[in-house]
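Thanks for sharing this one. Here are a few notes to read alongside the coordinates.

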Amino acid sequence: MDELKLIVQAPPHIRSPLTTKKIMFTVVLALIPAASAGVVFFGMRALLHMVLSIASAVITEFVLQRLLRKKVTISDGSAVLTGLLLGMNLPVTAPLWIGVVGSAFAISIVKHAFGGLGQNFMNPALAARAMLMAAWPSQMVQWVTPLDAIATATPLAIAKAGIPDTATLPLLWDMFIGFIGGSIGETSALALLVGGIYLIYKELIDYRIPLAYLGTVFILASVFGADGLNSGIFHLLAGGVMIGAIFMATDYVTSPSTASGRWIYGIGCGLITIMIRFWGSYPEGVSFSILLMNIVAPLIERFTVPRKFGEVKKK
Amino acid sequence: MQFVSILIAGILINNFIFVKFLGICPFLGVSQKVETAVGMGVAVTFVMTVASGVTWLIQHYILEQFGIPFMQTVAFILVVAALVQFVEMVIQKVSPTLYQALGVYLPLITTNCAVLGVTVLNIQADYNFFYAMVNGFASALGFLLAITLMAGVREKLAFSSIPKALQGFPMAFITAGLMAMAFYGFQGLFKDFLIL
Amino acid sequence: MNNKYLKTLTNGLVTENPLFRLVLGTCPALAVTSAVENGFWMGVMVTFVLTCSNVLISLLRKVIPAKIRIPCFIVIIATFVTIVDLVMEAYLPAMHKTLGIFIPLIVVNCIILARAESFASKNAVALSAVDGIGMGLGFMSALMIVATFREILGNGTFFGFHVMGEGFPVAKIMVQAPGAFLTLGLVLGAINLVANHKKAA
C-alpha cells in the first residue's frame, strides 16, 4: 500500500495582498478629491477641521487601547478614516472643538465600547455626526457659500422652506461641481463620484449599495418631487447623499454581507432619506436613514442567508 | 385618517421605548434573541390592546359614574394583572416553548410600565373607545419594533469583545441610546397630514 | 441589634442599590433624570411609597394568603401611590405636571414589588421600614447622580441654578432621550468598573 505523501502547511492557504491598512488608506485616497474640493471651496479652516478630527480620532484610539491594555492599532488607518469622514461632514463654520468631541465619541463609544474594529453596529463617523447635530444643533447648521463665505442655506433647506423656485435654487451644474452651501466634503458630487468609481474599480466597495441607494433616491424624488426628473437629479446632488451612498452606507461592518441583503439595504436607505426629506422635520435625511438601516442590517442579514450547499427548501 | 395618524405616531414618532421610556425592563431583559423578543412583543401587544379597551370602559362607566376617578391607579393595575394571568395561561397551552423562553418575564408584563402607561395616556388624551384601543395597539407595535431591532443588534453583538465593565446592562443602554438617536429622524414625520 | 439595621440601610444605599446594582426602576431613571430636582422628588415619592408599603405588608405578612399575595401587594402599593399622587397634585402642582405619567407608574416600579416579595413579607416591621428607607434613598441618590451629569452638561444648571459659565456650549442631547440612555449606560459601566476593581482587590 502506497503511503500517501501529504505535505502539511499551516493555513491560511489563500493569501491576499489586501490588509486592513491597505483598505483604509485606499478609501482615504478616494476621499482626497472631495476633501481637496472642500479646502478649495471653504478655505484653510476646512483643512483644520479635518486635521483636528483625524488627530482626535487617532489620539482617542491610542489612549483607549492603552487603557484597555489592548494592542494599539492606530496604524491600521481605521481611526484616520473615521476622523476624515467626520471632518468632511462638518460645516466649515462649526467651532473647532466640535470635530474633536465628535471623533472622540465616534472612536470611544461607537467603535471601542462595542469591541473595536469590525465589531461596531453603527457607522462611527455618521453616529458622531448625528450626535453632534442633536447636541449642538445651532452650531452645526451655519452654512456659507464656497469661496466668498457668505451665510447661506443649503439647497435642501431652501427646498424645504418653500416651493422650489428655480430662481433661488442653485443651478444643477453648480451642485454637481460643488458650488453650494454644505458640509466640507459633501458638496462636490463630481469629486465624490471620482472617488467612488475608483473604489469600485479597486473592488473595495460593492456597487450594489450605492446603486440601490442613489437609484431609489432618484426614482422617488422624480415621482414625488415638484419638478419630475429635475427633482430627481436635484436630490441626487443635494445634501449628503453622494458621500453617504458611496462612503458611509458601503461600510462593510455595518451593512449586510449578502448580495440580496445589500440591495434591500440600499433601497431602504433611499426610501427613508426621501421620506425624511419630503415629509419629515429635517431638511436632510441621509444620516438618519443610514443609521436606521445600520440597525436593521443584522435582521436583513438573517433573512437573506443563502441556502447552504445541498439544502433543499422546505415546501 | 386619524387611525393611520395614531398608528404612525405610536410606532415611529412617539415610540414607547425610544421616546417615552416606557417598557424598558422587558426591552432589556428579553431582547437577546429575535424569536423570544418577537414572542414577548406579540404578548405585550395583545395585553396592551385589550387592556386599553377594558380600562377605558372601567374609567367611563364605573370610575366616572360613581365619582371615584382617583381609584384609577388601583383599578387599572388590577385589570392589567388579571389580563396577564389570562395571557399566561393561554401561552402555556398554545406554545409551551415560548412559555419556557419568556420565563419570569411573562408575569412581569404586569409591571411593564408600557401597559399601565398606555392605559393612563389614553384617558389623558381623551380618546374614544375605538381610538384608545388603536393607540394601545400602535404603541405596542412600537414596542415590538424596538425590541425586535434590539434583538437583531444584540445577536450580532453576542460575538463582540465588549470591555468587561460595559458587558450586560451598560452596553444595552448605550446601544439603546444610539438607536434612540437614529429614531430622531422620524420626528415630525408627516406632520402636515397627521391628525392626532 | 443596631448592626442589623445599619446593614440593611447601607444595603439599599450602596451594596444592593436598586438602580445601580439591581438595575430596577429603569423607566423613571431615564425619564426623570433630565433635572436633579425631578430626580429628587421622584426619589422622595418612591421612598414614601416603598417604606409605607413595606411596613403595611410586613404587618400583614402572617395574614395575607400566599396564593393571592401578589395582587394584595399591588393593591396596597397602588393605594399609597394614589395618596402621593393626590398630595403632589395639591401641594406641588408644577412638579406633579413635570413628572406626569411616571407618578402613577410608581405602582409598577419593580423595586417596590420586589422588596415587598423578597423582604417585607419575610421580615419584622421595623426592619422592613429600614429596608424601605434604605432602598428608597438609594434609588433617590442614584437618580440624582445620573441627573447631575445630564443637567449640568445638557442645561448648564444644577437643581435649577446656573453652574456653568455663559459660554458653555450645552449639549442638548443630554436632556433628551439618547442622552438619557447613554448617560445611564456609562454610569452603570463606571460603577461596574469600580465594583470589579473592589472584587479583585
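1. Let me begin with burial in chain C: of its 201 residues, 51% count as buried. Please keep in mind throughout that this is a predicted model.

2. On secondary structure, chain C has eight helices and two strands. Reading from the N terminus, the order is α-α-α-α-α-α-α-β-β-α, with the two strands placed just before the final helix.

3. How does the radius of gyration of chain C sit against the value for a compact globule? A globule of 201 residues would come out near 17 Å, and chain C has 18 Å, so the two agree. Along the principal axes, the C-alpha atoms of chain C fill a box of roughly 60 × 50 × 30 Å.

4. Contacts in chain C reach well along the sequence: among those with a separation of 6 or more, 74% join residues 24 or more positions apart.

5. For anyone setting up electrostatics, chain C carries 14 positive and 8 negative side chains. The centres of these two sets are 15 Å apart. The exposed surface of chain C is about 8,900 Å², and carbon and sulfur atoms supply 70% of that.

6. Turning to chain B, its secondary structure consists of eight helices and zero strands, so to speak a plain run of α-α-α-α-α-α-α-α along the sequence. Of the 196 residues in chain B, 62% count as buried.

7. The overall dimensions of chain B can be checked in the same manner. With 196 residues, a compact globule would have a radius of gyration near 16 Å, and the 17 Å of chain B agrees with that. The C-alpha trace of chain B spans about 60 × 45 × 30 Å along its principal axes. Within chain B, residues 24 or more positions apart make up 78% of the contacts that have a separation of 6 or more.

8. What of the surface and charges of chain B? Its accessible surface is about 7,600 Å², with 69% belonging to carbon and sulfur atoms. There are 7 positive and 6 negative charges in chain B, and their mean positions lie 14 Å apart.

9. Finally, the contact between chains B and A deserves a look. It draws on 32 residues from chain B and 33 residues from chain A. The two chains bury about 2,700 Å² between them, and carbon and sulfur atoms give 74% of this area. On the chain B side, Lys156(B), Leu178(B) and Met181(B) supply 22% of the area that chain B buries against chain A, more than any other three residues.

Key:
Residues are numbered from 1 along each chain as its sequence is written. Chains are lettered from A and ligands numbered from 1 in the order in which they are written. This is a predicted model: local features need pLDDT of at least 70, side-chain atom pairs count only at pLDDT 80 or more; totals for chains, interfaces and linings use all residues. Side-chain values use heavy atoms; hydrogens and water are left out. Helices (H or I, at least four residues) and strands (E, at least two) are DSSP runs, numbered from the N terminus. The radius of gyration is taken over C-alpha atoms; the globule rule is 2.2 Å times the number of residues to the power 0.38. Buried means under 20% relative accessible area, exposed over 50%, partly exposed in between (1.4 Å probe, protein chains only). Contact means heavy atoms within 4.5 Å. Accessible areas come from the Shrake-Rupley method with a 1.4 Å probe; for residues, only the protein chains shown count as cover. Lys and Arg count as positive and Asp and Glu as negative; His and the chain ends are not counted. The place of a charge is taken as NZ of Lys, CZ of Arg, CG of Asp or CD of Glu. Buried area is the accessible area (1.4 Å probe) that two parts lose on being put together, summed over both.
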